[in-house]
Structures are given as C-alpha cells and as structure tokens.
Amino acid sequence: MHLLIPFASSPTEAGRHALSTLALPHLSALLARLRPTQRHGNNEYSLNAPHEHALAATWGWQGGDGTLPFAAQAAQDDGIDVGERAWGLLSPSHWLLGRDNVTLLDPAELALDEAGSKGLFEAVRGLFESEGFALAWGAPLRWYAAHDSLDGLPCASLDRVIGRHVDRWLPEAQRGRLLRRLQSEVQMLLYPHALNEAREAAGQLTVNSFWLSGCGRAQPRRGGETVQVASELRASLLSEDWAAWAEAWAAVDRGPLRELLERCRRGEPVALTLCGERLAQRYEPASLSWMDRLTARWKAPSAQAALEAL
C-alpha cells in the first residue's frame, strides 16, 4: 500500500500556524518507522505540483515539468478512446477580473450540472473544431481536446492556478498563441450565452473561460504499487480555510494513516508520500538492526517538522 497525501502543508504564514496546531499521532508513529527515500519537486513555481510529479514517478511516466499526460489518463478513466493523439484537459472555469489582475476560481464553485455543462460544451465546440481540435465531454468539469499542438506543450496544472493570478501560469507567448486566442474567443462567446444569463440571474458564477492542463499523449501506468491518494485536504487548502484543513488532517490521521501504520506494524510493504507546495517526500521501511531501529525512532522528525520541510 502506497498512501500519497497532497496539500499536506502550506508555506504561507497562516498555513504554518494551522500546521503548528495539528496533533497527528499516527503520522508521528509512522515517521518513527519509515525512512525518507525519493524526493520530487523543488519550488512552488513548478508547472506540475509535487504530488503530480510523485504520481508520475510511481507510474513510470516520462516527461518534463508541465508535460505529464494527466489529461489523456483522465480521459481514459472517463471511457474516452484517446488513441495516439495528444490530449489536454479543458476545465470550464470562472476568471475573476480584478483591478490589476485576473484570478482563476476553483471550478468546483461553479456547481455545474451535466445539462448546463453539455450546453456550454456544445457552444464552444465549433471554435475548437474550426482549428482542427477534436473535443470530447467527460464530466461537468472535465472537457477534453485533442490536437497535435498539445504534444509537449508545457501547461500549469489546475491545482497550481486555483486562487491565483493567471498571468504567470499561462503558456509562453509563442507556443501559447493559439490557446490565448481561443480563450479570448470563448470569453466573448460565453458572455452573452443564455445559460450564463440564467446562472447570473440565479446568483451563480458564470462560466467565462477555461483552463488547459495535463497535455500529452497517453502513457501506460507501470509498476506494481497500488497508490491511494488522500484527497481530503485539497479543497480546504486551496480555499485557505485553515480550520477545515485542520479537521481534514485529523480525519486523514485517524483514517488512512492509521491503516497504513497497522500494515507497517504487521510487516507489510508500505510507502508514504507527503506532498506540499514545493516538495513531495516519499518514506519507506528501512532494513535496520533492532538497535538501529530503536535509535532511529528517537531521531525521527516530528510530524510538524516533516511537513514544514515540504
């Protein structure tokens, strides 16, 4: 069992304060039994978040930062035949216009249902198909586009951009020219759309753009590990709701971390990967003598210290 925990820490002052209040006994017990091994990522400005780099490494994927084919994988999981084409994930979204910047809100805040999503998807389909794209609908918040230009196109993942200014995360001007034009055309097309007018009248966020991510051709998931991703921390960290994040951490500690600890105590093969904004650190059992194990437990980092390092 390999447990991977994204959004396990935050470098912000509020995030560090919330971290200092956590009591994580099962994580602490695990860290006393495990040793750090592989590390992924290096800073908070990489296009893929550390947990995505860690997943790609576990699956044996090839590709640089921003070019890991998460879109093709998600499309396959949604039952779409991706073939040999390069795919990208089009996430319908709301771009919030400020005085000096534009911020991407979490698409989950749209509460977009299937009928509304399909209506907006059909509205923009022609724009993409006129440029040679093939489009496929996967779910209300997962639209897919296939085009040769998406092969090797570095794009920031959605998890990197939510709640942040979009400018620094857009593809560079030359390779991203077509994308930027399509974003502008989609914004102009959707602004007066009847579905958006109805959403606005109902006090809902409108769908006024999209975010492209996860571009590339499908790669098989190799390796024999079963990876369990604990997604409980994501929403509260992205919304900076630190009270909810602390509650979610407590639930992860008494749930999947407790199970992993029990497996570790039984001598089963286990792995733990903790992922923050900058780094993902993997931990595995070490082959040590009983004296070395005893010494290692005294020297094991606290849960807070391990998380702050991410």
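Colleague: Hi! Let's start with Phe-133: buried or exposed?
Modeller: Phe-133 is buried, with a relative accessible area of 9%. Do keep in mind that this is a predicted model.

Colleague: Thanks. And Phe-128, buried or exposed?
Modeller: Phe-128 is buried, at a relative accessible area of 3%.

Colleague: How many aromatic pairs are there in total?
Modeller: The count comes to eight aromatic pairs. One of them joins the two residues you just asked about: the ring centres of Phe-128 and Phe-133 are 5.6 Å apart and the planes sit at 90°, so the pair is edge-to-face.

Colleague: How are the rings of Phe-128 and Phe-210 arranged?
Modeller: The centres of the Phe-128 and Phe-210 rings are 5.5 Å apart with the planes at 65°, so that pair is edge-to-face. Phe-128 belongs to helix H5 (residues 114-129) and Phe-210 to strand E8 (residues 209-217), so the pair ties together parts that are 82 residues apart in sequence. Phe-210 counts as buried, at 2% relative accessibility.

Colleague: Which residues make up the aromatic cluster with Trp-59?
Modeller: Trp-59, Trp-61 and Phe-70 form one aromatic cluster.

Colleague: Switching topic: how many disulfides does the structure hold?
Modeller: Zero.

Colleague: Why is Cys-215 not bonded to Cys-155?
Modeller: The two sulfurs are 3.8 Å apart, and a disulfide needs them within 2.5 Å. Cys-155 does hold the closest cysteine sulfur to that of Cys-215, but it is too far for a bond. Cys-215 is buried, at 0% relative accessibility.

Colleague: And where is the nearest cysteine sulfur to Cys-264?
Modeller: That sulfur belongs to Cys-275 and is 18 Å away, and Cys-264 is in no disulfide. Cys-264 is buried too, with a relative accessible area of 11%.

Colleague: What does Leu-30 touch?
Modeller: Leaving out residues up to four places away in sequence, Leu-30 touches Leu-257, Leu-260, Leu-261 and Cys-264. Leu-30 sits in helix H2 (residues 25-31) and is buried, with a relative accessible area of 0%.

Colleague: How far is Leu-30 from Ala-271?
Modeller: Their C-alpha atoms are separated by 10.0 Å, while the two residues are 241 apart along the chain.

Colleague: Now the sheet, please. What is the strand order in the five-stranded one?
Modeller: The order is E2-E11-E10-E1-E9, in an open sheet with mixed pairing. Strand E2 (34-40) and strand E9 (227-229) are the edge strands, each pairing on one side only. On average, neighbouring strands are turned by 20° against each other, direction ignored.

Colleague: How do E1 and E10 pair, parallel or antiparallel?
Modeller: Strand E1 (residues 2-5) and strand E10 (residues 271-275) pair in the parallel sense, over four bridges. Ile-5 stands opposite Leu-274 in E10.

Colleague: Which residues touch the most other members of the largest nonpolar core?
Modeller: Ile-5 again, along with Leu-27, Trp-211, Trp-249 and Leu-272, in a core of 46 residues. Helix H10 (residues 242-254) gives the most to this core, with five residues. Another core of 24 residues lies apart from it, and its members include Val-124, Trp-143, Leu-153 and Leu-179.

Colleague: What is the bridge partner of Trp-137 in E7?
Modeller: Trp-143, in strand E7, is the bridge partner of Trp-137. Strands E6 (residues 134-139) and E7 (residues 142-146) run antiparallel and are joined by five bridges. Together E6 and E7 form a hairpin with two residues between them.

Methods: Residues numbered from 1 in each chain as written. Predicted model: local features only at pLDDT ≥ 70, side-chain atom pairs only at ≥ 80, totals over all residues. Heavy atoms only, no water. Buried < 20%, exposed > 50% of the residue type's maximum accessible area, 1.4 Å probe, protein only. Contact = heavy atoms within 4.5 Å. Pairing = 2+ DSSP bridges. Axes fitted to C-alpha atoms, helices over the stretch in contact; angles between N-to-C directions. Core = buried A, V, L, I, M, F, W, Y, C linked by side-chain atoms within 4.5 Å. Phe/Tyr/Trp six-rings, centres within 6.5 Å; stacked < 30°, edge-to-face > 60°.
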